[in-house]
Each structure stands twice: as C-alpha cells, then as structure tokens.
Amino acid sequence: MTKNFVESEFAPLKRVVLAQSQFCLPEEENELDTSFLSEKNLNLFDHKVGDIADLYPEMQEKWENEKVQMTQLLTSYGVEVIRPRMLTAYEKELGKQSGCGYANFFSRDPFFTIGHFVIEGNLRFAHRRLEILPIRDILIEESRHPEAIYVAAPQPDISQGSKSEAGPFLEGGDVLVYGKTIFVGYSGLASNLNGINWLKSLLAHWDYTIIPVRLHPDILHLDCAMSMVKEGLMICCEEAFLDGVPQELTNWDKINVSLKEASLLMTNGLPLNDSVYITDQSFTRLIIALEKYGVKVETLDYEVSRVFGGSFRCTTQALLRTTN
C-alpha cells in the first residue's frame with residue numbers, strides 16, 4: 001500500500017502528522033501578526049516575550065493534553081499518528097537570539113500533501129520560517145516510497161528586505177484537496193499569488209486544476225473559512241469569500257458561519273471520513289447542524305490550540321487519505 005496519497009479532504013484518514021505544542025513569542029511585536037485573533041487571545045500575547053511553557057505553565061500542560069486526547073481519538077478510528085520531533089536546545093536559542101522566537105505547533109502549514117505529492121511550502125512570518133525542520137525527517141522517510149514525489153517551493157525572495165511580500169508564499173492551511181481540483185486561499189496573511197502560480201505550474205503536468213480563492217483580510221487561511229465535510233456538504237463563512245464561494249462548490253449544501261464564528265475556528269474541524277467529523281465541544285450549533293445531515297460528530301476541548309489561531313485541521317497534516 002502507498003505510504004502517502006491524499007485523494008480529498010474527506011476521504012478516509014489513515015496516516016497523519018499531529019503537531020507538537022511548542023511556541024516562543026517573538027521579541028518584535030510586528031513579527032507576530034495577530035489580526036485574526038480574538039481580543040481575549042490578543043491580551044495573552046500583548047507585550048509578552050518568551051516560551052509559552054515558561055509564561056503560562058498551566059496553559060502549556062492543557063495544550064499538551066489536547067494532543068494526547070487527539071491522539072487517542074484518532075487511533076480509536078485506526079488512524080496512524082506520527083509526531084514531529086521536539087525542537088533542539090540550539091534551535092530554541094537561535095530563535096531567541098534572532099528575536100523571531102520559534103514555533104512547532106501547527107503541522108498543517110509547513111507542508112501539504114496532494115495526491116502522491118509531498119510539498120514543502122513557505123511560511124510568510126519569520127518566526128515560522130523554520131517550522132518545517134522538526135517535520136523534515138518524516139518527509140524524507142515518506143519520499144523513500146517509489147510513488148512519492150517530494151518537492152519544495154523556492155525560497156522567499158528577500159532582495160527588498162526580510163519582510164518582502166514577494167514570496168513565493170504557500171501555506172498548507174490554504175490548500176484544500178478535492179480530487180484533481182485544488183483550492184488555494186490567499187488573504188494577504190499567508191499564501192500569495194506567486195506561491196499559487198508556482199503550484200499551478202508544477203501540478204499542471206499532472207492534470208491538476210488550481211483554483212485561487214481570494215479571502216477577507218482577517219482570515220488567516222482558507223481552512224479558517226471553509227471545510228469540506230463530505231461530497232456535497234461544506235461548512236463555510238460566505239462573508240470570507242471576496243469573490244463568492246468558488247463556482248465548483250456553489251451547488252453544495254452549506255452550513256454557514258459568521259466571520260466572528262470563523263475567527264473562533266468553527267470551520268477548522270477535521271473529517272475522519274465522509275461520515276465522521278471532529279470539532280470543538282463548544283460549537284453546539286455546528287454539532288446540531290452536522291448531525292441533521294447524518295454526520296457523526298466527535299468532540300474534544302481544543303481551547304488552547306484555538307488560542308494560538310488554529311484548531312483540528314491546523315494541528316494535523318494528512319499523509320494518507322484514500323478510499324482504496
């Protein structure tokens with residue numbers, strides 16, 4: 001059996017990378033874009049620098065326990081869970097010395113899987129640029145399989161400065177897979193058109209169609225605005241799509257959420273297959289709506305992960321999702 005292949009967002013999940021819980025706030029305030037965080041969460045980070053484990057030890061413990069609970073839930077459905085390595089002391093010190101901090105908390109964004117492709121992207125914010133490194137050993141192992149195609153996007157252009165917007169930037173949270181149709185979001189906070197055009201040129205050779213999706217500037221990633229639950233059913237924040245919901249999905253049934261609900265990561269759940277969906281236990285309205293469509297809903301308390309701007313999809317990156 002192939003080791004890595006992602007057929008769609010809701011094909012049965014069989015192997016997944018589940019993130020660790022490491023984050024050090026950068027020294028420079030403008031290194032950490034917080035425009036998509038709630039006011040309550042913003043206050044936690046205001047004028048704070050350092051490792052979350054030192055600043056908020058009780059929060060750290062709860063954050064790590066969320067991953068324990070998530071691992072147990074995934075394995076109960078037969079999903080193989082792979083964890084990135086922890087950051088080394090050298091990596092931590094380097095992040096502190098540079099003022100960029102460090103992050104090892106959302107495995108969705110540094111890479112993504114489309115079909116047999118395992119693709120390293122580029123993260124826009126400097127404090128996340130090296131987030132791929134704790135995961136890279138996993139990707140190298142994946143690439144040993146003869147069907148795997150392991151590539152990396154070109155390094156970002158910094159000829160106009162370290163904060164140049166040229167990119168190309170491409171983040172896994174913006175990439176949603178639907179067979180040979182790939183939706184890629186861009187809001188100005190993460191992926192950009194240079195990154196999307198690079199991906200389009202690459203995958204055109206394998207007959208993939210890339211659909212750019214322009215997003216509201218307060219939406220970090222496409223998966224913060226849309227989730228494909230099963231064929232013909234999606235959770236979406238219609239306000240977040242500046243050009244409307246993509247034409248390919250206009251006939252789908254939609255469970256709509258507001259921009260405020262989207263900011264709480266209500267669309268950032270994780271389908272285990274086309275009949276089981278994981279979401280936060282606090283999203284009562286969403287749970288009821290999904291159950292009306294015959295979807296079994298599994299719930300966990302993922303409050304701390306959501307504090308950092310990501311939820312169930314953000315903390316996972318599929319390696320194998322296939323009906324075969």
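A cavity, in the sense used here, is a set of grid points where a 1.4 Å probe fits but cannot get out. The structure described below is a predicted model, and by this rule it contains four cavities of 30 Å³ or more. The second largest cavity has a volume of about 90 Å³, while the largest pocket holds about 870 Å³ of space. The points below take up the enclosed spaces, then a four-stranded sheet, and then the salt bridges, of which the structure holds 17.

**The second largest cavity**

- The second largest cavity, with its volume of about 90 Å³, is lined by 13 residues, and the closest of these to its centre are Glu9, Arg108, Thr113, Arg313 and Gln317.
- Strand E7 (111-114), strand E10 (175-178) and strand E19 are the elements that each give two or more residues to this lining, and E19 gives the most, with three residues.

**The largest pocket**

- The largest pocket, where about 870 Å³ of space lies, is lined by 39 residues, of which Phe125, Ala126, Arg128, Arg129 and Leu130 are the closest to its centre.
- Helix H4 (89-98), strand E6 (102-104) and helix H5 are the elements that give two or more residues to the lining of this pocket, and the largest share, four residues, comes from H4.

**A mixed sheet and the helix packed on it**

- Strands of a sheet pair through backbone hydrogen bonds, either parallel or antiparallel.
- In this model, four strands form an open sheet in the order E1-E19-E2-E5, and the pairing within the sheet is mixed.
- Strand E1 (5-6) and strand E5 (80-82) stand at the edges, and each has a single partner strand, so one side of each is left without a neighbour in the sheet.
- Strand E1 and strand E19 (residues 316-321) run parallel and are joined by two bridges, and the bridge partner of Val6 in E19 is Arg321.
- Helix H3 (residues 57-76) packs on the sheet, where it touches strand E2 (13-18), strand E5 and strand E19, and the direction of H3 makes about 165° with that of E2.

**Salt bridges and the burial of their partners**

- Side chains of opposite charge can pair when their charged atoms come close.
- The side chains of Lys62 and Asp301 meet in a salt bridge at 3.6 Å, N to O, and this pair links distant parts of the chain, 239 residues apart, with Lys62 in helix H3 and Asp301 in the loop between strand E18 (296-300) and helix H9 (303-307).
- Lys62 counts as partly exposed because its relative accessibility is 33%, and Asp301 likewise counts as partly exposed because its relative accessibility is 31%.
- Arg136 and Glu120 form a salt bridge through their side chains at 2.9 Å, N to O; Arg136 lies in helix H5 (residues 133-142) and Glu120 in strand E8 (residues 117-120), so the pair ties together parts that are 16 residues apart in sequence.
- In this pair, Arg136 is partly exposed, with a relative accessible area of 30%, whereas Glu120 is buried, with a relative accessible area of 7%.
- The side chains of Arg128 and Glu131 also meet in a salt bridge, at 2.7 Å, N to O; Arg128 is buried because its relative accessible area is 8%, and Glu131 counts as buried because its relative accessibility is 1%.
- Lys3, Glu141 and Arg144 are joined into one network by salt bridges that share partners.

Definitions and conventions:
Residues numbered from 1 in each chain as written. Predicted model: local features only at pLDDT ≥ 70, side-chain atom pairs only at ≥ 80, totals over all residues. Heavy atoms only, no water. Pairing = 2+ DSSP bridges. Contact = heavy atoms within 4.5 Å. Axes fitted to C-alpha atoms, helices over the stretch in contact; angles between N-to-C directions. Salt bridge = Lys/Arg side-chain N within 4 Å of Asp/Glu carboxyl O. Buried < 20%, exposed > 50% of the residue type's maximum accessible area, 1.4 Å probe, protein only. 1 Å grid on protein atoms, 1.4 Å probe; cavity = no way out; pocket = protein on both sides within 12 Å on 5 of 7 lines; lining within 4 Å. Points joined across faces, edges and corners; volume = space filled by probe spheres on them.
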